[in-house]
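Me: I have a model open and would like to go through the labels attached to parts of it. Could you take me from each value to its label?

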Amino acid sequence: MRVAMIGTGYVGLVSGACFADFGHVVTCIDKDPSKIERLERGEIPIFEPGLDDLVAANVKEGRLFFTLDGAEAIRRADAVFIAVGTPTRRGDGHADLSYVYAAAEEIAGLIDGFTVIVTKSTVPVGTGDEVEAVIRKANPNADFVVVSNPEFLREGAAIGDFKRPDRVVIGVNDIEGETGARAKAVMSELYRPLNLNESPLLFVGRRTSELIKYAANAFLAMKITFINEMADLCEAVGADVQQVARGIGLDKRIGSKFLHAGPGYGGSCFPKDTLALVRTAQQYESPVRLIETTVEVNDARKKAMAGRVETTLGAAVAGKTVALLGLTFKPNTDDMRDAPSLDIAQALIAAGAQVQAFDPEGMHEAAKLLPDVKMKANAYDAVEGCDVAVIVTEWDRFRALDLDRIKLLMKQPVLIDLRNIYRPDDMARRGFKYSGIGRG
Ligand code: UDX
């Protein structure tokens, strides 16, 4: 199959490279010349484990191309994917769909022969209808179908998630009709290399598919927020949240994943998508109150995390030096979007603390967002001379720190572990004043 992928952001690039690896011929299109130049040189603009090798191998095999001018690729494509950004619109929290509609306009004039237009970007319910209307208006005779195919890729594990997904959701209207059936055939062929016994293709209506994406993210965000509140309750009553999570997670109806208590969820999806779902639901006068509360609780949690430094120290942070270990919203990414570290660092600085930090991949971006934080070359430099160290992101390298060395380097051995990667009894034995999340 021939695929045109509009947008070489996170989702477009990973999806394009993976479809090429499935054996399809993929052209990735972007309006940003510097991005295309970098990609053509083999430079990957984002940090995602395995993506550089995957791109290089498929470029070499002649299945993966990058271009500024997508006209030819779109004309020849069996499927054109729209994988452009849908950021939160300033002011009202709705998703900004201007890039999606601009892509639809561009595609409209280029459709040549039966073409499936696929929205991969996370778009509010009804956007597929709009995309269809835009194309139909611009090119009334075009032979096309608009399909929704949301992504469920986790940053840091995106290639595995693409190639071994729990399911692939595909939204096609009127699937029994002639064009619906043709669209189904194209989508089935695109995903044929998946082991379909393990990764079913779920064909549903287009609006249903659009909603599944938001419902999945909102549910996961709610699950995390639930365990975070249980963690607070554990601290109040003297219980251990990790045991609570295990105790409930073994119940198959609940499941053990996404029950790690922490500083609150961040990233490019959960904060944006929960807010957009809340707005859609309000617009349709069918409010999703659980998700409204989830958004509020999570925002408040991220802001409150800095307060733990004072409670652990038993003193004001003004004049103290605090080390932050990890800045990205989660490990194995360089993404700083809505990272809890931003709220934590800003609150500490506002309260008069000096903050220094180390992150394996995120410091370049973090330095722009947190100009008052001193970036250090490694975890040991970051903790040197500090009154307290805070583990904010659970990078693997923070799981095996030389704790004796840390203790010697710090002014006093106080460690706040917002990801519960160490054991309280072990830390006490090593002479640390230690505080985790939700552990009695
Ligand atoms: C998420 C979804 O998992 C993915 O399916 C969707 O397509 C995009 O959004 P991502 O944002 O990359 O992926 O990261 P994820 O691993 O889901 O983590 C999101 C946030 O939740 C992170 O801040 C993480 O630290 C936090 N989290 C996750 C917890 O605090 N506890 C958990 O148990 C799991």
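Reply: Happy to; we will take the labels in turn, bearing in mind that this is a predicted model.

Me: Let's begin with two helices, H9 (residues 206–237) and H12 (residues 289–304). Why are H9 and H12 called oblique to each other?

Reply: Their axes cross at roughly 55° and come within 9 Å. Angles under 35 degrees would count as roughly parallel, and 65 to 115 as roughly perpendicular. The crossing of H9 and H12 fits neither class, and therefore the pair is oblique. As for the hand, H9 passes H12 in a left-handed crossing.

Me: Which residues of H9 and H12 meet there?

Reply: From H9, Ala218, Ala221, Met222, Thr225, Asn228 and Glu229 take part; from H12, Leu290, Ile291, Thr294, Val297, Asn298 and Arg301. By kind, the contact of H9 with H12 has six nonpolar, four polar and two charged residues.

Me: Next, helix H5 (residues 98–108). What makes its buried residues line one face of the helix?

Reply: The buried residues in H5 are Val100, Ala103, Ala104, Ile107 and Ala108. Looking down the axis of H5, you find them within an arc of 135°, so they line one face.

Me: And what covers the buried residues of H5?

Reply: The cover includes strands E1 (2–6), E4 (79–82) and E5 (115–119), along with helices H4 (71–76) and H6 (127–138).

Me: Now a loop: how do you know that alanine 339 is buried?

Reply: Alanine 339 has 29 other C-beta atoms within 10 Å. The label needs 20 or more, so alanine 339 is buried. You will find alanine 339 in the loop between strand E9 (321–325) and helix H14 (340–350). Setting aside residues up to four places away in sequence, alanine 339 touches Gly266, Leu327, Thr328 and Phe329.

Me: Asparagine 332 is in the loop between E9 and H14 too. Why does asparagine 332 count as partly exposed?

Reply: Asparagine 332 has 19 C-beta neighbours inside 10 Å. Buried takes 20 or more and exposed 12 or fewer, so asparagine 332 counts as partly exposed. Its phi is near 60°, a positive value in a residue other than glycine.

Me: What makes asparagine 420 count as buried?

Reply: Asparagine 420 has 21 C-beta neighbours inside 10 Å. With the cut-off at 20 or more, asparagine 420 therefore counts as buried. Its place is the loop between strand E13 (414–417) and helix H18 (424–429). The phi of asparagine 420 is near 50°, again a positive value in a residue other than glycine.

Conventions. Residues numbered from 1 in each chain as written. Predicted model: local features only at pLDDT ≥ 70, side-chain atom pairs only at ≥ 80, totals over all residues. Axes fitted to C-alpha atoms, helices over the stretch in contact; angles between N-to-C directions. Helix = DSSP H or I, 4+ residues; strand = E, 2+ residues; numbered from the N terminus. Parallel < 35°, antiparallel > 145°, perpendicular 65-115°, else oblique. Left-handed = near helix turned anticlockwise from the far one by under 90°. Contact = placed C-beta atoms within 7 Å. Nonpolar A, V, L, I, M, F, W, Y, C, P; charged D, E, K, R; others polar. Arc of directions from axis to C-beta.
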